[in-house]
Amino acid sequence: AVAYARAVGEYQPPPFPTVATEAEGLRLHLSSSSATGYRGVRELSGRFQAYRSVDGGLVSLGTFDTAVEGAVAYARAGGEPPPPPPTVAAVAEGLRLH
């Protein structure tokens, strides 16, 4: 049915879901590799589970009605996303580093 609709020009793909970057005063951890759009949040049976990795295992932070609620729980449990790694010095002690 979708192939036919595409062929006759009637198919409209569903809109890409928008992802909140902040909620409840917290900066949310976005993920381009997660279907939910948030790091540490996955969909299970129509609900959203937030989880963190602790000592090599996954710890559930709870299940939520929306992905944003799960992302808020993830942000609360871990604070702000880590800062980007420092830039590597190109020159040290007058020498150019390679």
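Modeller: Two strands count as paired if DSSP finds at least two bridges between them, and in this predicted model one such bridge gives Val41 the partner Ala50 in β4.

Biologist: What makes β3 and β4 a pair of strands?

Modeller: The count of bridges does: 4 of them join β3 to β4, residues 47-54, and at least two are required, so the two strands qualify as paired, here in the antiparallel sense. Besides the bridge of Val41 to Ala50, there is one between Leu44 and Arg47 of β4. The two strands form a hairpin with 2 residues between them, and in its turn Ser45 has a positive phi of about 50°.

Biologist: What makes β4 and β5 a pair?

Modeller: They share 7 bridges where at least two are needed, and therefore they are paired, again antiparallel. Among the bridge partners are Phe48 with Phe64 of β5, and Ser53 with Leu58 of β5. This hairpin also leaves 2 residues between its strands, where Asp55 takes a positive phi near 50°.

Biologist: Why do β3 and β5 each have one side without a neighbour in the sheet?

Modeller: The open sheet has 3 strands in the order β3-β4-β5, with antiparallel pairing. β3 (41-44) and β5 (57-64) stand at its edges with a single partner strand each, so one side of each remains without a neighbour. Neighbouring strands are turned by 35° against each other on average, direction ignored. Helix α2, residues 67-78, packs on this sheet and touches β3, β4 and β5, its direction making about 20° with that of β4.

Biologist: What makes the contact between Glu24 and Arg76 a salt bridge?

Modeller: The distance from N to O is 2.3 Å and the limit is 4 Å, so the pair of side chains meets the criterion. The two residues belong to distant parts of the chain, 52 residues apart, with Glu24 in the loop between β1 (22-23) and β2 (26-27) and Arg76 in helix α2. In total the structure holds 2 salt bridges.

Biologist: What makes you say that the charged end of Arg42 sits over the ring of Tyr51?

Modeller: The charged end of Arg42 is 4.7 Å from the centre of the Tyr51 ring and lies over it, and the distance limit for such a contact is 6 Å, with a further condition of 35 degrees from the ring normal. Arg52 likewise lies over the face of Tyr74, at 4.3 Å from the ring centre. Aromatic pairs, by contrast, come to a count of 0.

Biologist: How do you know which elements have the lowest and the highest confidence?

Modeller: On the pLDDT scale from 0 to 100, strand β6, residues 91-92, has the lowest mean among the elements, 64, and β3 has the highest, 93. The protein as a whole averages 80, and 66% of its residues score at least 70.

Note on methods: Residues are numbered from 1 along each chain as its sequence is written. Side-chain values use heavy atoms; hydrogens and water are left out. Axes are lines fitted to C-alpha atoms, for helices over the stretch in contact, and angles run from 0 to 180 degrees between N-to-C directions. Contact means heavy atoms within 4.5 Å. Rings of Phe, Tyr and Trp (its six-membered ring) pair if their centres lie within 6.5 Å; planes under 30 degrees apart count as stacked, over 60 as edge-to-face and the rest as tilted. pLDDT is the predictor's confidence in each residue, from 0 to 100.
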